[in-house]
Amino acid sequence: MITSTLVTSSSVSTPQKIFTSSTTGAVIGGAVTGQTNAITTMVLCNTGAPDPTDESVNTVNVNIHLVKSGGSYSAANTIVSNLTIPAGETVFFSDEKIILDSGDEVWVGTSTASLVAMTISTLPV
């Protein structure tokens with residue numbers, strides 16, 4: 001499954017929920033259980049227009065949190081802290097897989113609203 005979202009958070013310390021792991025049950029051994037998903041790729045794209053004379057124009061800082069089902073974002077579940085993405089640049093996270101149980105969430109905070117588009121690719125495991 002591929003999910004794309006425009007991040008509208010305007011503060012790295014006040015993220016928004018971007019993704020919730022599927023709660024669709026899978027039949028295992030005759031019983032319905034929660035689905036476990038692996039995030040295979042996360043892509044962050046700063047859609048702001050670059051300024052060739054000033055790299056700081058439309059630069060965005062990003063925090064990413066992985067939140068267990070029923071929990072809330074905090075410093076304890078931050079996996080990316082204050083990543084700076086220059087205007088017009090894209091950042092890929094694809095070397096490691098992240099396993100999420102049903103209801104686990106990805107939260108993203110950005111320093112500027114509406115400049116970061118995020119795509120998450122997942123597979124059931």
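Is Asn58 buried, partly exposed or exposed? Select Asn58 in this predicted model and colour by accessibility. Asn58 is partly exposed, because its relative accessible area is 30%.

**Stop 1: Asn58 and its backbone**

Stay on Asn58. This residue sits in the loop between β5 and β6. Check its phi angle. The value is near 65 degrees, which is positive, and Asn58 is not a glycine. Most residues other than glycine have a negative phi.

Now jump to Asn82. Here too phi is positive, at about 50 degrees, in a residue that is not a glycine. Asn82 belongs to strand β7. Its relative accessible area is 43%, so Asn82 counts as partly exposed.

**Stop 2: Thr59**

Go back to the loop between β5 and β6 and select Thr59, which is placed there. Thr59 is partly exposed, at 24% relative accessibility. Draw a distance from the side chain of Thr59 to the backbone oxygen of Glu55. A polar atom of that side chain lies 2.8 Å from the oxygen.

Next, pick the C-alpha atoms of Thr59 and Ala49. They are 9.3 Å apart, with the two residues separated by 10 places along the chain. Then show what surrounds Thr59. Setting aside residues up to four places away in sequence, Thr59 touches Asn46, Thr84, Ile85, Pro86, Ala87, Ser111 and Thr112.

**Stop 3: Asn46**

One of those contacts is Asn46. Select Asn46 in strand β5. How buried or exposed is Asn46? Its relative accessible area is 1%, so Asn46 is buried.

Where does the side chain of Asn46 point its polar atoms? Display two distances. The side chain reaches the backbone oxygen of Ile85 at 2.9 Å. A polar atom of the same side chain lies 3.3 Å from the backbone oxygen of Pro86.

Expand the selection around Asn46. Beyond neighbours within four places in sequence, Asn46 is in contact with Asn58, Thr59, Val60, Ile85, Pro86, Ala87, Gly88, Glu89 and Leu115. Asn58 and Thr59, from the earlier stops, are on this list.

**Stop 4: Thr40**

Slide along strand β5 to Thr40, which lies in this strand. Thr40 counts as buried because its relative accessibility is 14%, and the cut-off for buried is under 20%. Show its contacts. Apart from residues up to four places away in sequence, Thr40 touches Phe93, Ser94, Glu96, Lys97, Ser121, Thr122 and Leu123.

**Stop 5: The nonpolar core**

Switch to side chains and select Met42, Val62, Ile64, Val106, Val108, Met118 and Ile120. These residues have the most contacts inside the largest nonpolar core, which has 20 residues. Colour the contributing elements next. Those that give two or more residues to this core are β2 (16–20), β5 (37–46), β6 (60–67), β7 (78–85), β9 (98–100), β10 (105–110) and β11 (116–124). In soluble globular proteins, nonpolar side chains tend to be buried together.

Zoom in on Val106. Which residues does Val106 contact, leaving aside its neighbours within four places in sequence? The list is Gln16, Lys17, Ile18, Phe19, Ile39, Met42, Ile64, His65, Leu66, Leu100, Met118 and Ile120.

**Stop 6: Salt bridges**

Hide the nonpolar side chains and show the charged ones. The count is 3 salt bridges. Side chains of opposite charge can pair when their charged atoms come close.

Begin with Lys17 and Glu105. Their side chains meet in a salt bridge, 3.5 Å from N to O. The partners are 88 residues apart, with Lys17 in strand β2 and Glu105 in strand β10. Compare their surroundings. Lys17 is partly exposed, with a relative accessible area of 42%, whereas Glu105 counts as buried at 13% relative accessibility.

Move to Lys68. Its side chain meets that of Asp101 in a salt bridge, at 3.2 Å from N to O. Lys68 lies in the loop between β6 and β7, and Asp101 in the loop between β9 and β10, 33 residues apart. Asp101 counts as partly exposed, at 36% relative accessibility.

Keep Lys68 selected and add Asp104. These side chains also meet in a salt bridge, with N to O at 3.3 Å. Asp104 is in the loop between β9 and β10, 36 residues from Lys68. Asp104 is buried, at 4% relative accessibility. Finish with Lys68, Asp101 and Asp104 shown together: salt bridges that share partners join them into one network.

Notes
Residues are numbered from 1 along each chain as its sequence is written. This is a predicted model: local features need pLDDT of at least 70, side-chain atom pairs count only at pLDDT 80 or more; totals for chains, interfaces and linings use all residues. Side-chain values use heavy atoms; hydrogens and water are left out. A nonpolar core is a set of buried Ala, Val, Leu, Ile, Met, Phe, Trp, Tyr and Cys residues joined through side-chain atoms within 4.5 Å. Buried means under 20% relative accessible area, exposed over 50%, partly exposed in between (1.4 Å probe, protein chains only). Helices (H or I, at least four residues) and strands (E, at least two) are DSSP runs, numbered from the N terminus. Contact means heavy atoms within 4.5 Å. A polar contact is a pair of N or O atoms within 3.5 Å; within protein, one must be able to donate a hydrogen and the other to accept it, and residues adjacent in sequence count only if both atoms are side-chain atoms. A salt bridge is a side-chain nitrogen of Lys or Arg within 4 Å of a carboxyl oxygen of Asp or Glu.
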